[in-house]
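I opened this one to see what sits where, and kept notes as I went. Here are the entries in the order I made them.

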Amino acid sequence: MYDVIIIGSGPAGMTAAIYAARACLDTLLLERQPMGGGQMLNTAEVDNYPAVSDIGGFELGKKFMEHVEKLGIRQVTEDVKSVECTGEVKKVVTDKGTYEAMNLIYAAGASHRTLGVEGEEKFRGRGVSYCATCDGAFFRGKAVAVIGGGDTALEDALFLSKGCEKVYLVHRRDTFRGAKTLQNRVMEAGNIEIVLEAEVEKITGGETVEAVEVLLKAKGEKKSLAVEGVFLAVGIMPQVELLKGQVEFDENGYVLAGEDCRTSAVGVYAAGDVRSKKLRQIITAAADGANAVADIVKE
Ligand code: NAP
């Protein structure tokens, strides 16, 4: 029986583990991937985490992990199959065993959203990608398109512009929601062409991607962008399947919890990108991990 089980070792889960260790809580950190870090691992560059400017996401994830390891927290690489949130004792069933704890910090993070257009599924892994840092090298010297207007799309476009001949940044509106500094850098890059108010209609090709067909909404015209890669950066979806029916959610599917990360189930906390909140960044995920443990200690 643990004091706390943490599910997920992104910045929220790892910070929770660090705070739990410092509070001398008997803690188990569960993560299905062999390497902790979550979405950080797929981020080319992180320039808004204090004290470590200009750091790669992979490297930052490694630093978090080293900190967790130094504190001797028990970690297991197992895939969580179900959780039981009701009742005083929380039960977590994985592909390898069953664990029990008095508290559960659910920090499973988010996965990429799909666009749902023709060709997306057909060309997945054959030109369609959701991870620029993972797959960008396959498109060295080629033309690619990035779809989206948030931080991820802007960062992906910048990352790809370093190795690709040309990057089309296709966004459905006339303004980006991503950080202004990233927008400025995108404008300055010589090989990024911004295509605004453009709706992706389909991704086409033979064996692999050859083009993205877009509708330029303001002009009412269709345009075909000749590309070999399409990077979809149209947002994230919280990984909350395991909690369905057990806690309350907001209208967008995030777990309802305040700054203390308490969910509607007593002893169950939602931390990081799964939680209903305004700003989803590494630093706010880390803050959630700290707040959740502080609340457990206070109880
Ligand atoms: P996001 O901020 O939700 O942006 C998603 C983008 O995709 C939006 O521009 C959205 O358009 C567009 N989009 C959504 N559905 C679409 C559709 N069906 N067709 C076309 N376009 C569509 O997602 P994100 O960029 O992945 O970022 C997720 C969170 O992580 C954010 O909170 C972000 O700030 C954070 N993040 C932070 C950093 C960093 O700090 N370094 C890096 C990456 C991500 P609209 O604008 O029209 O809605």
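**Ligand site**

I started at the ligand and found one of its oxygen atoms 2.7 Å from an N or O atom in the side chain of Arg 173. I should say at once that this is a predicted model, so each distance I note is a computed one.

I then looked up two further contacts. A nitrogen atom of the ligand lies 2.9 Å from an N or O atom in the Glu 155 side chain. At Gly 150 it is the backbone that takes part: one of its polar atoms is 3.3 Å from a ligand oxygen. How much of the ligand does the protein cover? I get 79% of the 910 Å² of accessible area that the ligand has on its own.

Next I listed the surroundings. There are 19 residues around the ligand, and those that come nearest are Asn 48, Asp 151, Thr 152, Arg 173 and Arg 177. Sorted by class, the shell holds 8 polar, 7 charged and 4 nonpolar residues. Which element gives the largest share of the shell? That is helix H4, residues 151-161, with 3 residues.

**Cysteines**

I searched the whole structure for disulfides and came back with 1. Cys 131 and Cys 134 form it, with 1.9 Å between their sulfur atoms. I also checked the handedness: the angle about the S-S bond is 70°, and the link of Cys 131 and Cys 134 is right-handed.

Are the two partners buried or exposed? Cys 131 has a relative accessible area of 11%, which is under the 20% cut-off, so I put it down as buried. Cys 134, at 41%, falls between the 20% and 50% limits and therefore counts as partly exposed.

Then I turned to Cys 261, which is in no disulfide. Its nearest cysteine sulfur belongs to Cys 85 and is 15 Å away. With a disulfide needing sulfur atoms within 2.5 Å, that distance is why I rule out a bond from Cys 261 to Cys 85. Cys 261 is buried, at 0% relative accessibility.

**The open parallel sheet**

I traced an open sheet of 5 strands next. What is the strand order? I read E8-E15-E9-E10-E11, with parallel pairing. The edges are strand E8 (128-129) and strand E11 (192-195); each has a single partner strand, so one side of each has no neighbour in the sheet.

I followed one of the edges inward. Strand E10, residues 166-170, runs parallel to E11, and 4 bridges join them. Within that pair, Val 170 has Val 195 of E11 as its bridge partner.

At the other edge I looked at what comes before E8. Lys 122 lies in the loop between strand E7 (110-112) and E8. Its relative accessible area is 48%, under the 50% needed for exposed, so I call Lys 122 partly exposed. I also noted that the C-alpha atoms of Lys 122 and Val 209 are 9.4 Å apart, with these positions 87 residues apart along the chain.

**Around strand E6**

I gave E6 its own entry. Strand E1 (residues 2-7) pairs with strand E6 (residues 98-106) over 5 bridges, in the parallel sense. One partnership there is Tyr 2 with Ala 101 of E6.

Which way does strand E5 run against E6? Strand E5, residues 90-94, is antiparallel to E6, and the two are joined by 4 bridges. Val 92 has Tyr 99 in E6 as its bridge partner. A hairpin of 3 residues makes the connection from E5 to E6.

I finished E6 with strand E17, residues 268-270, which is parallel to it and joined by 3 bridges. Ile 105 stands opposite Tyr 269 in E17.

**Positive phi**

My last check was on backbone angles. Most residues other than glycine have a negative phi, so I wrote down exceptions.

Cys 24 is one of them, with a positive phi of about 60°. I place Cys 24 in the loop between helix H1 (11-22) and strand E2 (27-31). Its relative accessible area of 68% is over 50%, so Cys 24 goes down as exposed.

Ala 51 is another non-glycine residue with a positive value, its phi near 80°. Ala 51 sits in the loop between E2 and helix H2 (57-70). At 87% relative accessibility, Ala 51 is exposed too.

Technical notes
Residues numbered from 1 in each chain as written. Heavy atoms only, no water. Near = heavy atom within 4 Å. Polar contact = N/O pair within 3.5 Å; in protein donor to acceptor, adjacent residues only side chain to side chain. Areas by Shrake-Rupley, 256 points an atom, 1.4 Å probe, with all protein chains shown as cover. Nonpolar A, V, L, I, M, F, W, Y, C, P; charged D, E, K, R; others polar. Buried < 20%, exposed > 50% of the residue type's maximum accessible area, 1.4 Å probe, protein only. Pairing = 2+ DSSP bridges.
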